[in-house]
Amino acid sequence: MNTESEMSSKSAKRELGIQLLLILCILLPLIILFLLPGGGMLHGGMFFWMGLLLCFWLISMLFGTRTDGAPVATARLLTADEQPEAVKEVMDVRFAEEENGVLLFRGRLREPAAAVYANLKRTLGAESAPMVQSDEQFGASILLVPKPVAKAAVEKHARPWVNWLLFALTVGTTTWAGAAHQGVNLLLEPGRIAVGLPYSLGLLLILGVHEMGHYFMARHHQIHVTLPYFIPVPFALGTFGAFITMRSPAENRRALFDVAVAGPLAGLVIAIPALLIGLHSSVIVAAAADPAAGMMHGGTSVGSSMLLAFLAKLSLGPALHEGHVLQLSPLAFAGWLGLMVTALNLLPIGQLDGGHIAHAMFGRRTGDTIGSVAMWTLLLLGLFVWPGLLMWAIIVFFIAGRGAPPMDDLTPLTPSRRWLGCAAFAILALILAPLPHALWEAAGIHCPYM
């Protein structure tokens, strides 16, 4: 008599096991780092990166499609009498079939997609969840998904302690990284923990506001989402960022767009002021001097990004006549990373924010094409232009994937949203594109090429 409750208990335990395994995968680089002789990064680099790739592969497997068994093919064509009247009223049905309880209808819509979706949602009520999608052959398709299936993902057990544990670990790893960038080893000098806090708190505030932008916009559109998951790593930057998971699809492209664009814009609200404030305590390397350190230690060329050049000129003014290389302060470094995280998320690939924006603006097929071109471009740039991009390309390759389409995937965006989407991609270009050589002198920045 307790079969259903026992199955629910087993499902909850399985979900808990998966989450614990996910945490172990994220901590795998930390384990390797301390077990290998000399700290791993210096004397066991090959094994470290192999472990890192294994970590991302395991995570991608955990978040991939999981099934309890091979589905039984039950597809069959539906007769005219079996087709719901609600569907025939809004579509000239040319093809209809049923498979595993999901009804699929293909044909031409009699009304605009938004009206079709609203009518189906109102008419079907608690019976089915309608989806209105594009169809290359017939123009449009309508899927009627049984409500128990549609709600399965929403009813997964939430475990906030996992989110808080990952956040606490990320506070530790980013504080460690911030101190290490200043030449302080917290294992040997734990009392100097404050050295790493400006970088850690600045970066986590940027990441947190970014994800909460997604979270609150999703809640506004009545989309079920998780709290942010932070990803701690015990080297380099101290984190690979944060993410939230949508447990129910967006109603339409407008909701998908709003949720996607809210994160980068919210993050920039913190990242730009952090960079402007941090630049005041940064050091300008004189033109005749050699940079004392690379980017990982806070040194970067002002002209490496058009947006960075503008912000540096706004903050430092005439002082940039003395040199173009900046030794970034911890807070400025966090702000600069905030810009890079924003750019990474705005890449029009898969489930990244830019991928959702491209999908909402251009449709799924065109968005997927843009994503493939962007992915290959990122890989080629990492191989032949800047090796630092290769690490990000690997991360994007494993985490981007393909997201679920909105329920109404045909209704286009409003003109204002299209303009905002264009502005978001313009911000991406301003962050990634270097300042043209011809503009260095006009901008009042010392030019190393003259």
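Reader: Hi! Before we start, what does "buried" mean here?
Author: Happy to help! Buried means under 20% relative accessible area. Keep in mind that this is a predicted model.

Reader: Okay, so is Ser-329 buried or exposed?
Author: Ser-329 has a relative accessible area of 8%. The cut-off for buried is under 20%, so Ser-329 counts as buried.

Reader: Where does Ser-329 lie?
Author: Look in the loop between β10 (325–327) and α10 (330–346).

Reader: And what does the side chain of Ser-329 reach?
Author: It reaches the backbone oxygen of Gly-278, at 2.8 Å. Leaving aside neighbours within four places in sequence, Ser-329 is in contact with Gly-278, Ser-281 and Ser-282.

Reader: Nice. Switching topic: how much of the protein chain is buried?
Author: Buried residues make up 46% of its 450 residues.

Reader: And how many helices and strands are there?
Author: The chain has 15 helices and ten strands.

Reader: Can we look at one strand? Which residues of β6 are buried on each side?
Author: Sure! In β6 (residues 229–232), Tyr-229 and Ile-231 are buried on one side, while Phe-230 and Pro-232 are buried on the other.

Reader: Why do the side chains switch sides like that?
Author: In a regular strand, side chains alternate between the two faces of the sheet.

Reader: Got it. Which strand does β6 pair with, and in what sense?
Author: β6 pairs with β7 (residues 239–243) in the antiparallel sense, over three bridges. Tyr-229 has Phe-243 as its bridge partner in β7.

Reader: What sits between the two strands of that hairpin?
Author: There are six residues between β6 and β7, and Ala-236 takes a positive phi near 50° in this hairpin.

How values were computed: Residues numbered from 1 in each chain as written. Predicted model: local features only at pLDDT ≥ 70, side-chain atom pairs only at ≥ 80, totals over all residues. Heavy atoms only, no water. Helix = DSSP H or I, 4+ residues; strand = E, 2+ residues; numbered from the N terminus. Buried < 20%, exposed > 50% of the residue type's maximum accessible area, 1.4 Å probe, protein only. Polar contact = N/O pair within 3.5 Å; in protein donor to acceptor, adjacent residues only side chain to side chain. Contact = heavy atoms within 4.5 Å. Pairing = 2+ DSSP bridges.
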